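Trainee: Please take one part of this structure and go through it closely. I would like to know what it packs against and how that place fits into the rest of the chain.

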Amino acid sequence: MNKTLLIGLREFRQRVRKRGFLLTSIGTPLLLIVIWAFTGVFDSSPGQPLEELVQANRPDNVIGYVDQASLIRSVPDPVPADLFRAFPDIKAAEAAMEGGDIGAYYVILSDYRQTGSVRRISPQLPTMPPDTRWFNWMLIANLFPDAGPEQIARLRWPFNSSGPEFVALSPEGKASAEGNTMLPFLVTTAVMIPLFTSGSFLLQSLTQEKSSRVMEILLVSLRPRQLLSGKLLGLGALTLVQYVIWAAIVLLALVVTGRGASQLLSGISLSANELLLVAPYALGGFTLYAGIMAGIGALSPDMESSRTWVFVISLPMMLPIYLWQPIATSPNGPLAAALSLIPFSAPVAMLMRMTSTAVPIWQIGASLALLLITGIGMIWLMARLFRVQTLLSGESLSLRRMWSALKG
């Protein structure tokens with residue numbers, strides 16, 4: 001047991017000072033905080049006054065318009081009076097644009113009241129022209145001439161900047177949260193990264209020790225299974241430290257920005273009991289993928305020959321990330337349910353579902369049981385590969401060699 005602890009402590013000390021670990025531990029939460037601060041992904045507060053939204057972006061050029069529907073009778077506040085210029089027909093507007101008098105022009109088609117058809121003509125095709133918001137305001141004000149600025153604002157933006165409130169009913173008939181389809185992706189990514197990086201560290205450690213012949217020295221005084229247990233223990237502690245660093249950075253960000261934890265979690269429909277399930281899913285995911293990485297590291301002569309295998313093995317865990325949008329929009333659908341029950345994708349898929357809706361308890365229980373059983377079984381199976389002749393072999397990794405090693 002002492003030797004196992006020594007190996008775990010050695011592994012922890014080596015990896016905790018690595019640049020990659022520090023970058024992942026500090027850089028990832030900082031990136032999520034930047035998204036939170038500048039795009040409002042986690043923001044549930046009301047938006048800024050709608051008048052400010054209109055006044056935020058004014059085009060550099062004058063914009064023309066041709067009103068074939070005889071709709072525009074006045075330029076309402078707060079639209080600047082010199083921002084738009086009326087033209088009697090398309091030819092006049094085209095000539096003005098070619099002469100550089102206007103940057104673009106709109107054509108309100110004669111059937112606008114029936115179809116809402118408006119065209120914007122410009123020398124280049126912009127992705128989001130700033131004048132569109134202004135022109136929309138002017139159209140609404142002329143469609144409803146008796147409406148005041150607040151009524152026009154409600155017509156222009158029926159939701160506030162945070163969008164509608166999505167409510168998910170729990171089995172008790174409670175639990176509501178503000179919807180955000182991007183949030184499940186961010187939360188599960190934050191859970192997945194430490195799990196996968198810890199398995200990668202284990203693979204790197206084994207292949208580096210084999211290529212540098214340090215493995216031969218270690219196996220003089222260690223049993224192979226003691227080596228495996230020590231490395232798993234050390235990297236498990238490293239993953240725990242990574243989560244603690246993330247939590248500390250998030251709490252610091254909450255203090256600096258003056259936002260409470262309840263506001264940060266307002267878009268996550270997780271109850272207190274479901275939050276407690278994050279730990280066993282993280283533990284099960286670490287056990288499963290660390291065991292797989294250990295097996296690859298035991299059979300691979302060097303890091304280069306194992307890269308293809310790492311990519312193939314990581315695909316099941318990455319699959320829910322690739323499919324995060326259909327899972328978030330239909331969290332109780334067959335695709336989401338299947339991915340959350342398969343152990344290799346369950347740590348990510350189930351957390352993504354729980355972030356979006358109330359998952360049936362039997363599915364959570366079945367998923368967690370399958371994940372933990374598969375993880376423990378994988379560790380037991382990969383431990384069969386930790387023999388002196390396997391660890392010190394310089395043969396290339398293949399399915400045939402792996403099967404032969406497992407059979408003993």
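Mentor: What follows is about helix 17 and its surroundings.

First, the ground rules. This is a predicted model, in which local features need pLDDT of at least 70 and side-chain atom pairs count only at pLDDT 80 or more, while totals for chains, interfaces and linings use all residues. Residues are numbered from 1 along each chain as its sequence is written, and side-chain values use heavy atoms, with hydrogens and water left out.

The chain has 20 helices and four strands. Helices (H or I, at least four residues) and strands (E, at least two) are DSSP runs, numbered from the N terminus. Of the 408 residues, 44% are buried, where buried means under 20% relative accessible area, exposed over 50% and partly exposed in between, with a 1.4 Å probe and protein chains only.

Helix 17 spans residues 346-356. It is mostly covered, with ten of its eleven residues buried. Those ten are A346, P347, V348, A349, M350, L351, M352, R353, M354 and T355.

What covers helix 17 on the helix 13 side? From helix 13, V278, Y281 and G285 meet A346, P347, M350, L351 and M354 of helix 17, contact being heavy atoms within 4.5 Å. By class, this contact has seven nonpolar, one polar and no charged residues. For the classes, Ala, Val, Leu, Ile, Met, Phe, Trp, Tyr, Cys and Pro count as nonpolar, Asp, Glu, Lys and Arg as charged, and the others, Gly among them, as polar.

Next, the geometry. Two packed helices are described by the angle between their axes and the distance between the axes. The axes are lines fitted to C-alpha atoms, for helices over the stretch in contact, and the angles run from 0 to 180 degrees between N-to-C directions. For helix 13 and helix 17 the angle is about 160° and the axes are 9 Å apart. Helix 13 is therefore roughly antiparallel to helix 17. The cut-offs are under 35 degrees for roughly parallel, over 145 for roughly antiparallel, 65 to 115 for roughly perpendicular, and oblique for the rest. The crossing of helix 13 and helix 17 is left-handed, that is, the near helix is turned anticlockwise from the far one by less than a right angle, clockwise being right-handed.

Helix 16 (residues 334-341) also packs on helix 17. Their axes come within 7 Å and cross at roughly 135°, so helix 16 is oblique to helix 17. The crossing of helix 16 and helix 17 is left-handed. Here A336, A337, L339 and S340 of helix 16 meet A346, A349, M350 and R353 of helix 17. This contact has six nonpolar, one polar and one charged residues.

Helix 16 has a further partner in helix 18 (residues 361-383), with axes that come within 8 Å and cross at roughly 35°. A337, S340 and L341 of helix 16 make this contact with Q363, A366, S367 and L370 of helix 18. Its makeup is four nonpolar, three polar and no charged residues.

Which residue of helix 18 deserves a separate look? S367 is found in helix 18. S367 touches Y281, S340, L341, A346 and M350, leaving out residues up to four places away in sequence. Two of these, A346 and M350, belong to helix 17, and Y281 lies in helix 13. S367 has a relative accessible area of 0%, so it counts as buried.

The same neighbourhood feeds into a wider core. A nonpolar core is a set of buried Ala, Val, Leu, Ile, Met, Phe, Trp, Tyr and Cys residues joined through side-chain atoms within 4.5 Å. The largest one has 54 residues, and those touching the most other members are L202, L227, Y281, I292, M354, I364 and F386. Helix 13 (residues 278-299) gives the largest share of this core, eleven residues. Another core of 22 residues lies apart from it, with I108, M138, A141 and W157 among its members. Of the residues named for the largest core, L202 is in contact with K231, L232, L235, A290 and A294, again without neighbours within four places in sequence.

Across the chain, 72% of the contacts between residues at least 6 apart in sequence join residues at least 24 apart.
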